[in-house]
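Me: I am new to this structure and would like a close look at a single part of it. Please take the place where the two chains meet, and start from the side of the second chain.

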Amino acid sequence: MKLGVLFSGGKDSLFACWKAMQKEEVACLITVVSQNPESYMFHTPNIRLAALQAEAAGLPLVEVETAGEKEEELLDLKRALLAARDRYGIEGVVTGAILSVYQATRVQRVCRELGLWCFNPLWLADQEAYMEELIDSGFRVVIAGVFSSPFDESWLGREIDRRTLGELRVIAKKYQVTLTGEGGELETFVVDAPFFAQRIAIEEASKVYRNYNGVLRIERAGLVAK
Amino acid sequence: MILLIDLCYRDGSLSRDEFVAPVERLLCRIGVAFVTRHYTAVGAPDLESADAAILCGTALMDTGYTEHPELFRWLLTFERPVLGISSGMRALAAAFGGGVEPCREIGMADVKMLAPDPLFAGQEGFPAYTVHDYAVQVPGEFVALAASDRCVQAIRHRSLPLYGSSSTPRSGTSGSSSGSPGSPVFRARSG
């Protein structure tokens with residue numbers, strides 16, 4: 001089955017993509033670029049670098065802009081899925097949703113309207129096992145956004161390796177947050193994945209941070225040999 | 001031992017992690033032994049050794065299992081506890097002659113209890129995450145246990161411990177966990 005992967009550049013969508021590649025054919029990546037920083041559906045830091053990640057993966061990217069108005073952005077999602085269906089013949093869509101009924105419901109509805117299958121291979125995943133598998137499989141993930149206490153500026157740009165995962169475990173337990181950041185505490189950016197032919201090197205980045213709210217803006221990045 | 005049945009479009013499919021693995025994790029967590037089989041591979045030894053069975057859900061577009069009613073006839077004589085979740089409820093009802101009618105619900109639904117049952121003990125209603133295109137028509141040997149304002153959401157056989165629920169264990173996060181395979185009632189009945 002030919003599939004398109006809803007793609008934000010973060011760990012969940014890339015891991016879901018990798019899962020999908022093991023069972024079906026991933027024909028393209030699909031990104032909805034939201035102008036609204038408050039968008040619940042689509043906003044992520046560094047979404048513009050999705051094109052570089054797609055190049056690293058050797059997959060075509062369908063990119064659609066949205067103003068990010070609450071329900072209207074679903075029309076833009078529909079436009080993106082239609083474009084992917086027309087250009088690459090996708091029969092289904094893969095998402096990296098883990099717990100968000102809000103996001104999953106909306107994607108399911110649009111997929112159903114278009115007669116597309118919807119796959120959520122991380123749905124209700126065991127978060128501990130997922131994070132372990134992420135690291136063991138060779139994903140290299142950096143923290144590109146922090147949006148709640150106790151994640152301060154020092155977390156921006158950190159790679160999620162074993163040491164960081166250990167600290168995240170302690171925080172998840174103490175502050176009752178998810179280990180994966182699914183509650184919106186963290187956003188991530190993937191610089192390498194098992195299916196990347198090249199990895200991404202961050203050449204220049206800046207931090208915008210205030211009061212447990214900040215992003216790592218990747219100003220310049222390129223592909224390098226693995 | 002619980003026989004967990006995968007109704008997805010292919011054995012080892014991409015949907016397995018979404019619809020079967022969460023139930024497996026739940027059973028592991030509560031320490032219940034189980035074996036998982038794809039619905040096309042359920043054999044007589046599996047049925048003989050099972051104390052109970054759970055029929056898992058499928059993706060919305062995945063209705064391939066409905067084309068093989070002969071693979072679910074064993075439900076008529078199983079007589080041990082069965083829980084059909086989502087598509088599993090449809091397969092269970094179909095085995096007893098229940099049809100379907102169009103009823104698309106995608107998202108959270110308010111489910112209200114229609115009849116008392118230990119599986120949902122203490123609840124008058126609960127929010128559930130539902131994803132389906134069709135509602136089950138309750139077979140004559142079953143009663144409707146719960147419904148949303150649009151369609152039936154849970155059923156039970158009149159004399160056997162056979163249950164169907166339209167929401168999956170995922171909705172345990174939204175308050176309907178008593179209807180899940182982790183429910184003490186289901187565990188007690190499944191030996």
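Reply: What follows describes the contact between chain B and chain A in this predicted model, then a helix of chain B that takes part in the contact, and ends with a note on cysteines.

Chain B brings 23 residues to the contact and chain A brings 24 residues. Together the two chains bury about 2,100 Å² between them, and carbon and sulfur atoms account for 62% of that area. On the side of chain B, Leu14(B), Glu18(B) and Met61(B) supply 33% of the area that chain B buries against chain A, more than any other three residues.

Charged groups also meet here. Three salt bridges cross the interface of chain B and chain A. In one of the pairings, Asp17(B) forms a salt bridge with Lys19(A), with 3.9 Å between the closest N and O atoms. Polar contacts link eight residue pairs between chain B and chain A, counting pairs with both residues at pLDDT 80 or more.

Which elements of chain B give two or more residues to the side that touches chain A? They are helix H1 (16–19), helix H2 (21–29), strand E5 (100–113) and strand E6 (125–136) of chain B. The largest share, four residues, comes from E5(B). By residue type, the side of chain B that touches chain A divides into 11 nonpolar, four polar and eight charged residues.

Helix H2(B) also has residues that are buried: Ala21(B), Pro22(B), Val23(B), Glu24(B), Leu26(B) and Leu27(B). The cover over these buried residues of H2(B) includes H1 of chain B together with strand E1 (2–6), strand E2 (34–38), strand E3 (52–55) and strand E4 (82–85). After H2(B) comes Gly31(B), whose phi is positive, near 75 degrees.

Last, the cysteines. The count of disulfides over all chains is zero. Why is there no bond between Cys111(A) and Cys118(A)? The closest cysteine sulfur to that of Cys111(A) is in Cys118(A), and no bond is assigned because the 4.2 Å between the two sulfurs is too far, the cut-off for a disulfide being within 2.5 Å. Cys111(A) is buried, with a relative accessible area of 1%. In chain B, Cys151(B) is buried too, with a relative accessible area of 7%.

Methods. Residues numbered from 1 in each chain as written. Chains lettered and ligands numbered in written order. Predicted model: local features only at pLDDT ≥ 70, side-chain atom pairs only at ≥ 80, totals over all residues. Heavy atoms only, no water. Contact = heavy atoms within 4.5 Å. Buried area = accessible area lost by both parts, 1.4 Å probe. Salt bridge = Lys/Arg side-chain N within 4 Å of Asp/Glu carboxyl O. Polar contact = N/O pair within 3.5 Å; in protein donor to acceptor, adjacent residues only side chain to side chain. Nonpolar A, V, L, I, M, F, W, Y, C, P; charged D, E, K, R; others polar. Buried < 20%, exposed > 50% of the residue type's maximum accessible area, 1.4 Å probe, protein only.
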